[in-house]
Amino acid sequence: MPRPRKINMMPGEVRDWLNETLKNSGWSGYEKIADDLNAKLQEEGIELQIGKSAVHEYGQEYREFVKYQEQASQWAASWMTEAGLEEEAQRHNVLFQMLTTLAFKSMQHQMSKDGGEIDPRELHFIGKMMKDVMASSGIREKLMDDERGRIALKAKEEAAGDMAKAATQLGMTAETVEAIREQILFGGKR
C-alpha cells in the first residue's frame, strides 16, 4: 500500500486554510502558497513539509473539485427551478450539489485511470445514489402537502376568528357563533 500523501496528513483547519488560499489566489502563486503553508504548519507545531509540486498538484485537484461542485450546483438549481420548486431548490440545493459532485468526481477519477473505463461497480453506486435522491421527491411532496395543509388551517383559523368577532358584534348567540366557527374550521365533520 503506498504511503499517504503528506498533503493528506494535514489537519482539517490547515486544509481549510489552504483551500481558501488557493481560491483567493486565483489558482496561482503555488510557490508562495507552499512557503506560507509550511510556515503555518511550523507555527502550529506540525512537523510536516509540503513541496511546491505537491501544493500545485493538490491545487489542481481542488480546482477541478470546485469546478464540478459549481457545475453540480448550477445543474441542481436549474433543474429544480424548471420544475417550479424555487423554495425547495434552496433547501435541497446543498444535498444535490454534494451528491452530483461526488458522482462527477467519481466518474472523473475512474476515467483518468485504467484506460478511461468506468468500473461497473462505480456506475452501480452512482445509479443507486441518484435513485435515492429521486426517491426523496416523495418525501418532498409529503412535506409540501403538510405545509399547504398548515397554511390552509391557519387561514381557516383567521377567517373563523374574524367571523366570530363580526357575528358577536351583530348580536348572534355564542352557540350560533361556535357552530359557524366549527363549520369553517372542520366543515361540520367533528
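Colleague: How many helices and strands does the secondary structure of the chain come to?

Modeller: Keep in mind that this is a predicted model. Reading along the sequence, you meet the pattern α-α-α-α-α-α. Strands come to zero here, and the helices come to six.

Colleague: What share of the 190 residues in the chain is buried?

Modeller: To count as buried, a residue has to be under 20% relative accessible area. With the chain at 190 residues, the buried share is 27%.

Colleague: OK, let's look at a helix pair. Are helix 1 and helix 2 roughly parallel or antiparallel?

Modeller: Two packed helices are described by the angle between their axes and the distance between the axes. Helix 1 covers residues 12-24 and helix 2 covers residues 30-43, and their axes come within 11 Å and cross at roughly 160°. Angles over 145 degrees count as roughly antiparallel. That crossing therefore makes helix 1, relative to helix 2, roughly antiparallel.

Colleague: Which residues of helix 2 make the contact with helix 1?

Modeller: Helix 1 passes helix 2 in a right-handed crossing. On the helix 1 side, the contact uses Val14, Trp17, Leu18, Thr21 and Leu22. Over on helix 2, the residues are Tyr30, Ile33, Asp36, Leu37, Lys40 and Leu41.

Colleague: And by class, how many residues in that contact of helix 1 with helix 2 are nonpolar?

Modeller: Set the others aside to begin with: the contact has one polar residue and two charged ones. The nonpolar count is eight.

Colleague: Which element gives the largest share of the largest nonpolar core?

Modeller: This core has 17 residues, and those with the most contacts inside it are Met10, Leu18, Leu22, Leu37 and Val55. Helix 1, helix 2 and helix 3 (52-82) are the elements that give two or more residues to it. The largest share is five residues, and it comes from helix 2.

Colleague: Met10 sounds well connected. Which residues is Met10 in contact with, leaving aside its neighbours within four places in sequence?

Modeller: Met10 is one of the residues with the most contacts inside the largest nonpolar core. Leaving aside those sequence neighbours, its partners are Arg15, Leu18, Leu37, Leu41 and Leu48.

Colleague: Now for Trp27: is Trp27 buried or exposed?

Modeller: Trp27 sits in the loop between helix 1 and helix 2. Most residues other than glycine have a negative phi. Trp27 isn't a glycine, yet its phi is positive, about 60°. Its relative accessibility is 15%, so Trp27 counts as buried.

Colleague: How far apart are the C-alpha atoms of Glu44 and Val14?

Modeller: Glu44 is in the loop between helix 2 and helix 3, and it is partly exposed, with a relative accessible area of 43%. Along the chain, Glu44 and Val14 are 30 residues apart. Their C-alpha atoms are separated by 9.2 Å.

Colleague: One last residue! Which residues does Lys156 touch, not counting those up to four places away in sequence?

Modeller: Lys156 belongs to helix 5 (residues 120-169), and at 38% relative accessibility it counts as partly exposed. C-alpha to C-alpha, Lys156 is 6.5 Å from a residue 28 places away in sequence, Ile184. Leaving out its sequence neighbours, Lys156 touches Ile184 and Leu185.

Conventions: Residues numbered from 1 in each chain as written. Predicted model: local features only at pLDDT ≥ 70, side-chain atom pairs only at ≥ 80, totals over all residues. Heavy atoms only, no water. Axes fitted to C-alpha atoms, helices over the stretch in contact; angles between N-to-C directions. Helix = DSSP H or I, 4+ residues; strand = E, 2+ residues; numbered from the N terminus. Parallel < 35°, antiparallel > 145°, perpendicular 65-115°, else oblique. Left-handed = near helix turned anticlockwise from the far one by under 90°. Contact = heavy atoms within 4.5 Å. Nonpolar A, V, L, I, M, F, W, Y, C, P; charged D, E, K, R; others polar. Core = buried A, V, L, I, M, F, W, Y, C linked by side-chain atoms within 4.5 Å. Buried < 20%, exposed > 50% of the residue type's maximum accessible area, 1.4 Å probe, protein only.
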